[in-house]
Amino acid sequence: LGLWLPALAFLLVLWLSSHFFRDPERVCPQEGHGRIVRIEQADEPFTGERLTCISIFMNVFSVHVNRSPVTGVVEQIRYWPGKFVNAAYDKAATDNERCGYLLRGEDGAAWTMVQIAGLIARRIVCRVSEGAASATA
């Protein structure tokens with residue numbers, strides 16, 4: 001049909017989308033899937049307590065499927081609507097769309113994980129419910 005340029009553009013967009021939304025089998029990586037950008041004290045979103053926060057940035061080539069950092073139970077889930085500021089800016093942590101998870105580990109310790117949307121990864125899809133078991137493997 002002579003539409004090779006639009007077809008090529010469509011295939012490129014299709015490949016980028018399938019690469020971005022992939023969910024590969026989980027194997028412990030030798031290298032991380034993100035980059036630690038900050039370790040600091042921050043207010044825990046469920047209790048307000050000041051705790052150590054480790055911030056990990058994932059670029060567009062990272063697998064954007066997050067799994068539980070500990071084995072246990074999901075006690076609470078909280079969603080905050082927000083903006084889609086570039087993740088490189090500090091205000092992204094407070095202004096962007098976020099979803100927080102309060103997890104209770106098998107040893108009874110509480111863990112909090114917060115996902116923050118960004119400029120490109122603009123939506124957070126929560127596929128777990130409160131009371132569900134969380135497993136690291």
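## A walk through the predicted fold

Let's start at Pro-69, which is partly exposed, with a relative accessible area of 46%. Pro-69 sits in the loop between strand 2 and strand 3. Although Pro-69 and Leu-103 are 34 residues apart along the chain, their C-alpha atoms are separated by 9.1 Å. Keep Leu-103 in mind, as it comes back further down as a member of the largest nonpolar core.

Before going on, a word on what you're looking at: this is a predicted model. The mean pLDDT of the protein chain is 82, and 85% of its residues reach 70 or more. Going element by element, strand 3 (residues 72-80) has the highest mean pLDDT, at 93, while strand 1 (residues 35-43) has the lowest, at 83.

Now the overall layout. The protein chain has 2 helices and 6 strands, and reading along the sequence gives you the pattern α-β-β-β-α-β-β-β. Of its 137 residues, 22% count as buried. The accessible surface comes to about 10000 Å², and 60% of that belongs to carbon and sulfur atoms. If you take the contacts with a separation of 6 or more, residues 24 or more positions apart account for 55% of them.

Strand 2 is a good place to zoom in. Arg-50 is found in this strand, and with a relative accessible area of 48% it is partly exposed. What does Arg-50 touch, once its neighbours within four places in sequence are left aside? The list is Gln-41, Ala-42 and Asp-43. Two of these partners show up again once you look at polar atoms. The side chain of Arg-50 makes a polar contact of 3.2 Å with the side chain of Asp-43, and a polar atom of the Arg-50 side chain also lies 3.3 Å from the backbone oxygen of Gln-41. As for Glu-40, which is 10 residues from Arg-50 in sequence, the C-alpha to C-alpha separation is 9.8 Å.

Further along strand 2 (residues 50-57) you come to Ser-55. Is Ser-55 buried or exposed? Its relative accessibility is 18%, so Ser-55 counts as buried, the cut-off being under 20%. Not counting residues up to four places away in sequence, Ser-55 touches Arg-35, Ile-36, Val-37 and Arg-38.

Next, the core. The largest nonpolar core has 9 residues: Val-70, Val-74, Phe-84, Cys-99, Tyr-101, Leu-103, Met-113, Ala-117 and Ile-124. Strand 4 (residues 98-105) supplies the largest share of this core, with 3 residues.

One of the core members, Ile-124, is worth following outward. Skipping residues up to four places away in sequence, Ile-124 touches Glu-97, Arg-98, Cys-99, Tyr-101, Gln-115, Ile-116 and Ala-117. Among them, Cys-99, Tyr-101 and Ala-117 are also on the list of core residues.

Glu-97, another partner of Ile-124, lies in the loop between helix 2 (92-95) and strand 4. Does that loop residue turn out buried or exposed? Glu-97 counts as buried because its relative accessibility is 5%. The Glu-97 side chain reaches the backbone nitrogen of Ile-124 at 3.0 Å. Leaving aside neighbours within four places in sequence, Glu-97 is in contact with Tyr-79, Trp-80, Pro-81, Gly-82, Lys-83, Phe-84, Gln-115, Ile-116, Ala-117, Arg-122, Arg-123 and Ile-124. Phe-84, Ala-117 and Ile-124 from that list also belong to the largest nonpolar core.

That leaves the cysteines. How many disulfides does a search of the whole structure find? The count is 0. Why is there no bond between Cys-126 and Cys-99? The sulfur of Cys-126 is 4.7 Å from the sulfur of Cys-99, its closest cysteine sulfur, so the pair is too far apart for a bond; a disulfide would need the two sulfur atoms within 2.5 Å. Cys-126 itself counts as partly exposed because its relative accessibility is 31%, whereas Cys-99 is part of the largest nonpolar core. Cys-53, at 26% relative accessibility, also counts as partly exposed.

How values were computed
Residues are numbered from 1 along each chain as its sequence is written. This is a predicted model: local features need pLDDT of at least 70, side-chain atom pairs count only at pLDDT 80 or more; totals for chains, interfaces and linings use all residues. Side-chain values use heavy atoms; hydrogens and water are left out. Buried means under 20% relative accessible area, exposed over 50%, partly exposed in between (1.4 Å probe, protein chains only). A nonpolar core is a set of buried Ala, Val, Leu, Ile, Met, Phe, Trp, Tyr and Cys residues joined through side-chain atoms within 4.5 Å. Helices (H or I, at least four residues) and strands (E, at least two) are DSSP runs, numbered from the N terminus. Contact means heavy atoms within 4.5 Å. pLDDT is the predictor's confidence in each residue, from 0 to 100. A polar contact is a pair of N or O atoms within 3.5 Å; within protein, one must be able to donate a hydrogen and the other to accept it, and residues adjacent in sequence count only if both atoms are side-chain atoms. Accessible areas come from the Shrake-Rupley method with a 1.4 Å probe; for residues, only the protein chains shown count as cover.
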